[in-house]
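Please keep the model open in your viewer and follow the selections below in turn, beginning with an enclosed space and moving on to a sheet.

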Amino acid sequence: MTPVRLYDSFRREKVPFEPIEPGKVGMYVCGPTPYTAAHIGHAYSAIAFDTIRRSLRFLGYQVRFVRNITDVEDKIIKRANEVHEDPMALAARYAADYNRDMARFGVLAPDVEPKVSTHIAEIIGLIERLIANGSAYQVEGDVNFEIAKFPAYGALSGMKLDELRAGERVEIDARKRSPDDFALWKAAKPGEPAWDSPWGKGRPGWHIECSAMTVTHLGETFDLHGGGKDLIFPHHENEIAQSRGAYGPATFARYWLHNGFLNFKGEKMARSLGNVVDCSEIADAVGGEALRLFCVSHHFRSPVDFDFQAIRDADQQVIGARFYSLEAADRKLEYFYITLKRIDEFLAAGGEPGPGTVMPEAEKLEPDARAALADDFNTPVVMASLYEAAALANRLLDEGKGIDKQLRRRTLARLGKDLRGVGDALGVFADDPKAYLAQRRARLVKRRAIDVAAVERLLAERVAARAAKDFTRSDAIRAELTRAGIAVHDTPHGTDWSVQDDAS
Ligand SMILES: [Zn+2]
């Protein structure tokens with residue numbers, strides 16, 4: 001395996017990554033609270049950590065990836081009450097939607113996907129341990145963590161509690177020893193899901209689940225912890241306080257990774273845009289892989305501008321959206337899939353090449369990608385290498401003259417294999433090129449409201465005109481189609497067509 005250096009948010013510097021067990025990585029990422037459809041911000045974070053997981057695998061590590069589902073939480077209960085649905089049923093429904101949406105972006109299913117509702121016993125056990133060693137206290141049916149008992153609090157965010165509270169009106173809660181103490185267990189309120197506990201019926205607070213799940217599935221100490229930057233405070237600080245409070249100062253996550261935010265360009269208030277930034281809407285509009293390519297074209301820690309424009313009707317109601325950033329990503333994706341299709345067809349026409357050397361330029365992609373990913377998962381550098389390799393493949397396909405026939409075949413076979421192999425580390429290029437191109441054409445047909453039957457009628461007419469050697473007519477038909485945004489491709493296997501992308 002390749003040694004990795006990564007930027008650890010806890011140490012605030014790039015450090016060598018040394019897993020507890022060489023070659024093996026235990027990784028935990030805070031997952032969704034499923035109370036509504038997943039939006040693009042959720043996808044951005046899920047893709048970031050899926051790419052890290054895939055990159056580690058590409059670099060030779062065996063990864064155990066745990067991502068939880070917070071299926072018991074205030075937001076779920078509130079939403080369930082609003083729509084008169086059972087909170088557990090609502091959470092299960094949106095959790096299934098979340099996983100379906102993420103699969104469309106190439107996000108692999110976690111090895112373990114623990115839920116709060118199935119880890120109540122582990123959560124209660126951990127809270128009992130914290131009470132027994134004096135880190136937590138019970139007040140009536142609640143249990144709170146006492147921050148004064150954990151002097152290292154704030155080390156991850158770098159903030160001191162008094163600074164955090166500066167200018168903030170502190171709510172006086174007589175049941176807390178300090179306003180900063182946070183809930184581990186909440187006494188049951190009417191209409192809420194509740195479980196039996198040593199402190200009466202109730203449910204866990206938000207933060208304790210991640211401490212209970214990591215110790216259950218990865219042990220007291222594990223390698224990598226990930227999540228969005230917005231989780232650093234208070235969620236991740238509280239996780240550290242709970243876990244180290246229970247198991248000692250040298251335990252819990254050894255390295256922390258946090259992904260940057262998406263900045264909405266053009267339209268600011270995502271919430272007011274209805275469902276247009278929901279994952280399923282985006283995947284329908286531009287394809288899931290376009291979002292994936294867009295994400296991995298940026299470093300996961302950098303903030304990223306996301307350019308889109310809502311489409312409104314006469315009453316200013318949002319009825320759809322144009323995702324310019326993603327449409328551009330889809331055009332890049334098309335370039336790669338056309339390249340892969342050409343390589344596949346070239347190799348299929350002459351059989352697999354025998355063993356032997358390849359052109360030295362074609363040997364660079366794999367080691368260059370390895371070096372870039374080992375340096376803090378630098379996916380934009382990998383993207384540049386992928387472009388170079390695809391350009392080389394197209395050059396060899398277009399002009400093979402003067403190159404040994406077998407060397408050319410072997411080189412193209414290597415480029416095809418490595419484009420897909422390196423692509424897999426980023427979660428791209430896994431589709432069959434023909435299937436991707438057909439789906440892209442169908443999306444463009446929809447976006448540009450193209451009448452497919454009319455296009456095919458004209459193409460049939462053009463075939464007949466060419467057969468009758470009426471080239472004036474066949475050229476006129478091609479010109480008519482071009483004006484309508486249709487590109488005609490005459491190939492040895494017949495005539496094909498594609499939709500010109502309106503890159504405006
Ligand atoms: Zn968490």
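Select Tyr-44, Ile-47, Ala-48, Thr-51, Ile-52, Cys-295, Val-296, His-298, Phe-300, Phe-377 and Thr-379, and in this predicted model you will have picked out the residues that line the largest cavity. That cavity has a volume of about 110 Å³, and the structure holds 1 cavity of 30 Å³ or more.

Next, colour helix H1 (40–58) and helix H9 (288–296), each of which supplies at least two residues of this lining; H1 gives the most, with 5 residues. If you then colour the lining by class, 8 residues come up as nonpolar and 3 as polar, while none is charged.

Now leave the cavity and display the open sheet of 4 strands, whose order is S4-S3-S9-S10 and whose pairing is parallel. Strand S4 (62–67) and strand S10 (252–259) stand at the edges with a single partner strand each, so one side of each has no neighbour in the sheet. Looking along the sheet, you can follow how neighbouring strands are turned against each other, by 25 degrees on average with direction ignored.

Zoom in on strand S9 (residues 221–228), which pairs with S10 in the parallel sense over 7 bridges; as one place to look, select Thr-221, whose bridge partner in S10 is Phe-252.

Finally, add helix H6 (residues 208–217), which packs on the sheet and touches strand S3 (24–29) as well as S4, S9 and S10. The direction of H6 makes about 160 degrees with that of S3.

Technical notes
Residues numbered from 1 in each chain as written. Predicted model: local features only at pLDDT ≥ 70, side-chain atom pairs only at ≥ 80, totals over all residues. Heavy atoms only, no water. Pairing = 2+ DSSP bridges. Axes fitted to C-alpha atoms, helices over the stretch in contact; angles between N-to-C directions. Contact = heavy atoms within 4.5 Å. 1 Å grid on protein atoms, 1.4 Å probe; cavity = no way out; pocket = protein on both sides within 12 Å on 5 of 7 lines; lining within 4 Å. Points joined across faces, edges and corners; volume = space filled by probe spheres on them. Nonpolar A, V, L, I, M, F, W, Y, C, P; charged D, E, K, R; others polar.
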